[in-house]
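User: I'm new to this structure and would rather understand one part well than skim everything. Could you take a close look at a single sheet and what goes on around it?

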Amino acid sequence: MASVRSPTVREGIHCGSPALPYGRASDTKANGYCIESLPDREIASCSGACYHPNFHMPAVAHSITSERVHEQFANAGRVLVLTGAGVSAESGVPTFRGGGNTAVWKGVPFEVISSARMLERDLPAVWEWFNYRRELLAALKPNPAHEAISRWQDKFSELTLVTQNIDGLHQAAGSRHVIELHGNIWRARCFDCGARHDVRELMFDQGVPSCFDCGGHLRPDVVLFGEMLPAGAFERAAAAAQQCDLCFVVGTSAVVYPAASIPEIARSAGAYVVEVNPERTPLSDLCHEVITGNAGEILPLLCQKPDR
Ligand code: BJW
Ligand code: ZN
């Protein structure tokens with residue numbers, strides 16, 4: 001592998017884009033990235049400063065993507081991409097976790113406000129939280145990471161995009177047939193008749209909105225903690241993971257299940273697994289390659305020839 005080896009230096013500058021409490025601007029500006037190839041942990045290249053628990057790579061003026069990943073990218077037929085909140089971070093969407101922070105809404109941790117329990121206890125508060133986020137998201141646009149993934153549809157014989165995100169930014173970038181594991185913030189669902197409604201254009205100022213069909217209470221059509229995923233969504237993602245040649249895990253802390261099991265399935269079935277994230281995750285050790293950096297900077301490079 002014609003990669004660039006650089007000396008390792010202990011302690012570096014953190015290169016992740018932090019998760020911030022809602023209501024504050026998200027700073028997702030890149031300040032570095034590097035590549036880590038597993039299992040041999042060969043350092044392919046690094047540009048700028050970044051932090052790992054055990055080593056730090058100083059700036060090296062080389063391409064940040066390895067020949068190996070370009071080779072995999074060039075030869076793959078079936079590709080699966082699993083995305084999380086980090087893929088939207090450069091659009092300005094706050095992440096839930098990352099950078100040592102956890103998102104909080106009015107002092108309530110998001111695991112509490114985004115839970116099935118809260119739906120039963122305080123539905124108006126849940127709507128207030130989602131309305132706040134709908135307002136924030138309405139002004140945001142896809143970033144180069146969403147756009148790169150959308151272009152990959154024409155490159156591979158089969159591209160399966162599985163997202164944990166509810167923001168709809170993949171679709172806005174042109175991705176089709178997106179498997180949304182955790183629902184979509186632009187839809188609401190009726191407790192009584194189960195009807196789903198597109199609520200993108202509607203702003204509910206306060207209280208709980210009513211079903212347009214039966215007048216029952218609506219809820220956001222998203223998957224909260226303790227709830228089942230939409231029927232068939234995980235099964236379709238798992239089937240694609242079983243069959244893919246190449247699996248990208250982009251911008252997810254990989255702590256929420258069953259979503260985090262998808263790369264595990266792909267790896268067990270023989271796929272080459274690549275993680276793109278400014279921080280290490282519980283899945284990093286399972287991946288063949290870890291590209292440490294921002295998705296919006298790294299994904300567009302994968303279609304380009306390696307520069308060495
Ligand atoms: C960048 C970046 C840049 C930053 N570029 N990267 C097994 C063991 C233990 C528990 C469970 C288990 N199986 C299931 C559970 C329970 C639970 C669970 O997983 N809990 C764990 C947290 C412990 N799972 C569930 O409840 C699921 N349901 C279920 O399993 O049903 C079956 C069942 C039901 C009942 C009883 C028993 C079983 C449902 C999970 C639903 C998750 N919902 C949420 C909220 C959605 C609504 C909302 O938005 O409010 O989904 S939680 C939240 O986390 C959201 C996300 O989709 C999800 C994942 O987060 P994600 O995307 O990874 O984001 P972050 O913020 O965590 O990470 C961002 C990453 O980006 C970081 O790593 C950054 O470094 C990185 N980053 N900038 C690239 N520029
Ligand atoms: Zn209804």
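Analyst: Here is some background first, then the sheet, then a walk outward from it.

This is a predicted model, in which local features need pLDDT of at least 70 and side-chain atom pairs count only at pLDDT 80 or more, while totals for chains, interfaces and linings use all residues. Residues are numbered from 1 along each chain as its sequence is written, and chains are lettered from A and ligands numbered from 1 in the order in which they are written.

The protein has 9 helices and 15 strands. Both are DSSP runs numbered from the N terminus: helices are H or I with at least four residues, strands are E with at least two. Of its 308 residues, 45% count as buried. Buried here means that 20 or more other C-beta atoms (placed from the backbone) lie within 10 Å of the residue's own; 12 or fewer makes it exposed, and anything in between is partly exposed. Take the contacts between residues at least 6 apart in sequence: 67% of them join residues at least 24 apart. A contact means that two C-beta atoms, placed from the backbone, lie within 7 Å.

Now for the sheet. It is open, has 3 strands in the order β11-β10-β12, and its pairing is antiparallel. Two strands count as paired if DSSP finds at least two bridges between them. At the edges stand β11 (196-198) and β12 (218-222); each has a single partner strand, so one side of each has no neighbour in the sheet. On average, neighbouring strands here are turned by 45° against each other, direction ignored. β10 covers residues 183-190 and pairs with β12 over 4 bridges, in the antiparallel sense. One bridge to look for joins Gly183 to Val222 in β12. Helix α4 (residues 123-138) packs on this sheet, touching β10 and β12, and its direction makes about 145° with that of β10. Those angles are taken between N-to-C directions, on a scale from 0 to 180 degrees, using lines fitted to C-alpha atoms, for helices over the stretch in contact.

Gly183 is a handy place to step off the sheet. Ala233 is 50 residues away from Gly183 in sequence, yet the two C-alpha atoms are 9.7 Å apart. Ala233 belongs to helix α7 (residues 233-243). It has 19 other C-beta atoms within 10 Å, so Ala233 is partly exposed. Leaving aside residues up to four places away in sequence, Ala233 touches Ile179, Glu180 and Leu181.

Follow one of those, Glu180, which sits in strand β9 (residues 179-180). Glu180 is buried, because 23 other C-beta atoms lie within 10 Å of its own. With sequence neighbours up to four places away left out, Glu180 touches Thr163 as well as Ala233. Leu229 is 49 residues from Glu180 in sequence but 9.2 Å away in space, C-alpha to C-alpha.

Another set of strands is worth finding too. Strand β3 (residues 78-83) is mostly covered, with 5 of its 6 residues buried. β3 pairs in the parallel sense with strand β8 (residues 158-163) over 6 bridges, and with strand β13 (residues 246-250) over 5 bridges. Leu82 has Val162 in β8 as its bridge partner, while Val81 is matched with Phe248 in β13.

In the loop between β13 and α8 (261-268) you'll find Pro258. The peptide bond into Pro258 from Tyr257 is cis, with omega near 10°. Ala254 is in the loop between β13 and α8 as well, and its phi is near 55°, a positive value in a residue other than glycine. Ala254 counts as buried because it has 24 C-beta neighbours inside 10 Å.

Last stop: the ligand. Ligand 1 is surrounded by 38 residues, and the closest are Gly84, Gly86, Gly98, Gln164 and Gly251. To be in that shell, a residue's C-beta atom, placed from the backbone, must lie within 6 Å of the ligand. Domain 1 (1-92 + 142-182 + 228-308) and domain 2 (94-139 + 188-222) both contribute residues to the shell, so ligand 1 lies between them. The domain bounds come from an automatic or database domain assignment. By type, the shell has 17 nonpolar, 17 polar and 4 charged residues. Nonpolar covers Ala, Val, Leu, Ile, Met, Phe, Trp, Tyr, Cys and Pro; charged covers Asp, Glu, Lys and Arg; the others, Gly among them, are polar.
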